[in-house]
Amino acid sequence: MKCTVCGKPAIVKFPAHNSAFCEEHLDAFFLRQVSKTIEKYKMLPPKGRVVVAISGGKDSLVTAYVLKRLGYEVLGFFVDLGITQNDFSPRSREVVENFCKEHDIPLEIVDLKERYGKDIPEVAKRQDRICAICGVTKRHLMNEYALSVNADALATGHTLDDMAKLLLANLMRWDLHHLAKGVPTLPAEPGFAKKIKPLAFQSEDEIIAFAKLHNIKPVEAKCPYGREAKYNRYQEALDMLEEKSPGIKRSFYKNYTKYAYLFEGTQARPPKVNCEVCGFPSVSPVCTFCRTWVVDNEKKK
Ligand code: SF4
Ligand code: ZN
Ligand code: ZN
């Protein structure tokens, strides 16, 4: 197997691109691909300031690393969920701290226990849908931080595999609201930072190869609450199709982004009220975040 660019021995092959690359050209390929995504979907101005939500998983570490390499001002953001089972939060925190130190990325950490006096395991005792609460918590905190530092955008590590499986799941249900929001860039709105997904066109195998090339080591510990596996079957279906027709995942998602405008206006109406506690837009007088972390605490006092 030879590098498609220089003819030297290749270390990796990407059937979806009908290409193979040596180390040097894998690096160049990956950076060029992400850079094109950023430009095409108007994610960031040159040298723009971007907050990256870093969990310690490979996707968010690679997102932060690539944005830094491309010359953006990267600010890392991590939420310590206080999950000690499997050593999950302590190990994740250590990985993120070391990574940011090594790559000279300032890191903001919100420790739930320190700030709100309780953590995810404590909330999980009274909540069945802890992943939903955990997601709301992380989204609220990273949005708040991105706005507070005047970031041009808030980046997450969603990959092509994530975007394609969500698209398939939303299409299966004709969930118009989410079909309108599956694009790689969501513009800023009052109370919400602009949201971007720079790896929206990079597949799992490309990210793994790139992380390995740069010795980016993600946290190995798994969250004991486990991610809700409801989208796994869509991932399996897409993997099967990809094996038979390399590149189909990419064209499935890419063509959607061309027609996503058709779903605009189908979104649920923007929230009308501002949360009485935090002031952010909300669908109820007190938002889920504040009901979970702030109001309960005040009742206890
Ligand atoms: Fe949070 Fe659920 Fe992910 Fe664990 S698996 S980090 S609880 S969203
Ligand atoms: Zn080469
Ligand atoms: Zn609130």
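Modeller: Let's start with the words for accessibility: a residue is buried under 20% relative accessible area, exposed over 50%, and partly exposed in between, using a 1.4 Å probe on protein chains only. This is a predicted model, in which local features need pLDDT of at least 70 and side-chain atom pairs count only at pLDDT 80 or more, while totals for chains, interfaces and linings use all residues. Residues are numbered from 1 along each chain as its sequence is written, chains are lettered from A and ligands numbered from 1 in the order in which they are written, and side-chain values use heavy atoms, with hydrogens and water left out.

Colleague: Why is cysteine 6 called partly exposed?

Modeller: Cysteine 6 has a relative accessible area of 35%, and a value between 20% and 50% is what partly exposed means.

Colleague: And what makes cysteine 22, cysteine 3 and histidine 25 count as buried or exposed?

Modeller: They count as buried: cysteine 22 has 7% relative accessibility, cysteine 3 has 4% and histidine 25 has 16%, set against the limit of under 20%.

Colleague: Which protein atoms are the donors of the zinc ion (ligand 2), and how do you know?

Modeller: They are Cys3 (SG), Cys6 (SG), Cys22 (SG) and His25 (ND1), at 2.1 to 2.3 Å from the zinc ion. Donors are N, O and S atoms within 2.8 Å of the metal (3.2 Å for Na, K and Ca), so these distances qualify; water is not among the atoms, so sites may look incomplete. Along the chain, the spacing of the donor residues is C-x2-C-x15-C-x2-H. Cysteine 6, in the segment before β1 (12-14), and cysteine 22, in the loop between β2 (19-21) and α1 (23-40), link distant parts of the chain, 16 residues apart. Histidine 25 sits in helix α1. Helices (H or I, at least four residues) and strands (E, at least two) are DSSP runs, numbered from the N terminus.

Colleague: What makes the arrangement around the zinc ion (ligand 2) tetrahedral?

Modeller: Its four donor atoms subtend angles of 96 to 115°. Four donors are tetrahedral if all angles lie between 85 and 135 degrees; four are square planar and six octahedral if opposite donors are over 155 degrees apart and all others between 65 and 115, and anything else is irregular. The angles fit the tetrahedral range, and therefore the name applies.

Colleague: What does the UniProt annotation "binding site" cover?

Modeller: In the unreviewed entry, that annotation covers Cys3, Cys6, Cys22 and His25. These residues are spread over 23 residues of sequence yet cluster in space, with a largest C-alpha distance of 8.1 Å. The positions are in the numbering used here, feature names are shortened, and annotations may be inferred rather than shown by experiment.

Colleague: How do you know that the site of the zinc ion (ligand 3) is tetrahedral?

Modeller: The angles among its four donor atoms are 105 to 114°, which fall inside the tetrahedral range. Coordination comes from Cys275 (SG), Cys278 (SG), Cys287 (SG) and Cys290 (SG), at 2.3 Å. The spacing here reads C-x2-C-x8-C-x2-C. Cysteine 287 and cysteine 290 are both buried.

Colleague: What makes glutamate 94 and arginine 91 a salt bridge?

Modeller: Their closest N and O atoms are 2.9 Å apart. A salt bridge is a side-chain nitrogen of Lys or Arg within 4 Å of a carboxyl oxygen of Asp or Glu, so the pair qualifies. The two are three residues apart in helix α3 (residues 88-102), about one helical turn.

Colleague: Which parts does the pair of lysine 249 and aspartate 161 tie together?

Modeller: For this salt bridge the closest N and O atoms are 2.6 Å apart. Lysine 249 lies in helix α11 (residues 248-259) and aspartate 161 in helix α7 (residues 160-173), so parts 88 residues apart in sequence are tied together. Both residues are buried. Elsewhere, shared partners join Asp80, Arg93, Glu97 and Asp111 into one network, and the whole structure has 15 salt bridges.

Colleague: Which residues of the largest nonpolar core touch the most other members?

Modeller: Leu44, Val50, Val62 and Leu67 do, out of 46 residues. Helix α2 (residues 58-69) gives the most to this core, with six residues. The name means a set of buried Ala, Val, Leu, Ile, Met, Phe, Trp, Tyr and Cys residues joined through side-chain atoms within 4.5 Å.
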